[in-house]
Amino acid sequence: MKKFLLLFTVLVAFIFVGCGSEDEAKAVVDNSQSFKELKALSNKDYSLKTTQGKEIKLTIQNDILTSKDYNGKKIVMVNFWATWCPPCIKEIPVFNELYEKYSDKFEIVGVLFEKDKDPNELKAFIEKYNIKFPITVGDENFRMAKAFNNVQKVPESYLYSKSGNFVKSYIGEVNKEDLEEYIRSN
């Protein structure tokens, strides 16, 4: 009988106490945002500055890259990288080769993921590794990295079709054969 009474008391307590009132639960639901809403908030226009003083304007919305310079014309690889990163350095010759070989239909946007990089050091690095593709610098790079799946490690690259649709992401080094096959066939 004691066990039954104890079980009954616990059950009654759960029924009347529960997880809070309906008003509290409704407030949580009303104040929360769906994943789609949160993703929509991160969709932005980006105005990236290159080391050459040019501006690259991109819009990323619902996994679609829009750019008046690239859409309908070129496949775009957005590559987050750093000068201190060995795999990033290892990718440079691959990117240079593909960039030159498919210059009519492939663009790489190198997004430097380093704060306050000395411009002279960066220039020397670009010359040392003979980087052919545009490199962007500045705070906008970090805002964009936050929206791109909150980039934390480099290299991290995102590939978009000529129409701007997201194709694939690469965490770590890009697979040259895979990337070249996609470029060649599109």
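**Chatting through a predicted model: rings, sheet and core**

Reader: Hi! How many aromatic pairs are in this structure?
Author: Hello! The count comes to 10 aromatic pairs. Keep in mind that this is a predicted model.

Reader: Cool. How do Phe148 and Tyr158 sit against each other?
Author: They form an edge-to-face pair, with 4.9 Å from centre to centre and 70 degrees between the planes. A pair of aromatic rings is described by just those two things, the distance of the centres and the angle of the planes.

Reader: And where in the chain are Phe148 and Tyr158?
Author: Phe148 is in the loop between H6 and strand E7 (156–160), while Tyr158 is in strand E7 itself. They are 10 residues apart, and the pair links distant parts of the chain.

Reader: Is Phe148 buried or exposed? And what about Tyr158, buried or exposed?
Author: Phe148 counts as buried because its relative accessible area is 5%, under the 20% cut-off. Tyr158 has 7% relative accessibility, so Tyr158 counts as buried too.

Reader: Which residues do ring pairs link into a cluster?
Author: Phe80, Phe148, Tyr158, Tyr160 and Phe166 are linked into a cluster by ring pairs.

Reader: One more on rings. What lies over the face of Phe142?
Author: That's Lys115, at 4.2 Å from the ring centre.

Reader: OK, new topic: the sheet! What order do the strands have?
Author: The sheet is open, has 8 strands and mixed pairing, and its order is E3-E2-E1-E6-E5-E4-E7-E8. Strand E3 (64–66) and strand E8 (166–171) are the edge strands, each pairing on one side only. From one strand to the next, the twist averages 30 degrees.

Reader: You said mixed. How do E4 and E7 pair? And how do E4 and E5 run?
Author: Strand E4 (residues 75–81) pairs with E7 in the antiparallel sense, over 5 bridges. E4 and E5, on the other hand, run parallel and are joined by 7 bridges. If you'd like to look for spots on screen, Met77 stands opposite Leu159 in E7, and Asn79 stands opposite Gly110 in E5.

Reader: Which strands does helix H4 touch?
Author: Helix H4 (residues 86–101) packs on the sheet and touches E4, strand E5 (106–112) and E7. The direction of H4 makes about 155 degrees with that of E5.

Reader: And which strands does H6 lie across?
Author: H6 lies across strand E1 (44–50), strand E2 (55–61), E4, E5 and E6, and runs at about 140 degrees to E1.

Reader: How many residues of E5 are buried, then?
Author: 7 of its 7 residues, so E5 is mostly covered given that buried means under 20% relative accessible area. Both faces are covered: Phe106, Ile108, Gly110 and Leu112 are buried on one side, and Glu107, Val109 and Val111 on the other.

Reader: What about the largest nonpolar core? Which residues there touch the most other members?
Author: That core has 47 residues, and Val78, Phe80, Phe106, Phe148 and Leu179 touch the most other members. E4 gives the most to this core, with 6 residues. In soluble globular proteins, nonpolar side chains tend to be buried together.

Reader: Nice. What is Val78 in contact with?
Author: Leaving aside neighbours within four places in sequence, Val78 is in contact with several residues, including Leu65, Val109, Met144, Phe148, Tyr158 and Tyr160.

Reader: Switching again, where is there a cis peptide bond?
Author: The bond from Val154 to Pro155 is cis, with omega near -5 degrees. Pro155 lies in the loop between H6 and E7. For background, most peptide bonds are trans, and most residues other than glycine have a negative phi.

Reader: Ooh, phi! What phi does Asn62 have?
Author: Asn62 has a positive phi of about 50 degrees although it is not a glycine. Asn62 sits in the loop between E2 and E3, and at 52% relative accessibility Asn62 counts as exposed. Asp116 also has a positive phi of about 50 degrees, and is not a glycine. Asp116 is in the loop between E5 and helix H5 (119–128), and counts as exposed at 77% relative accessibility.

Reader: Last one: where does Gly138 lie?
Author: Gly138 is in the loop between strand E6 (135–137) and helix H6 (139–147). With 38% relative accessibility, Gly138 counts as partly exposed. From C-alpha to C-alpha, Gly138 and Lys49 are 7.0 Å apart in space, yet 89 residues apart in sequence.

How values were computed. Residues numbered from 1 in each chain as written. Predicted model: local features only at pLDDT ≥ 70, side-chain atom pairs only at ≥ 80, totals over all residues. Heavy atoms only, no water. Helix = DSSP H or I, 4+ residues; strand = E, 2+ residues; numbered from the N terminus. Buried < 20%, exposed > 50% of the residue type's maximum accessible area, 1.4 Å probe, protein only. Phe/Tyr/Trp six-rings, centres within 6.5 Å; stacked < 30°, edge-to-face > 60°. Lys NZ or Arg CZ within 6 Å of the ring centre and 35° of its normal. Pairing = 2+ DSSP bridges. Axes fitted to C-alpha atoms, helices over the stretch in contact; angles between N-to-C directions. Contact = heavy atoms within 4.5 Å. Core = buried A, V, L, I, M, F, W, Y, C linked by side-chain atoms within 4.5 Å.
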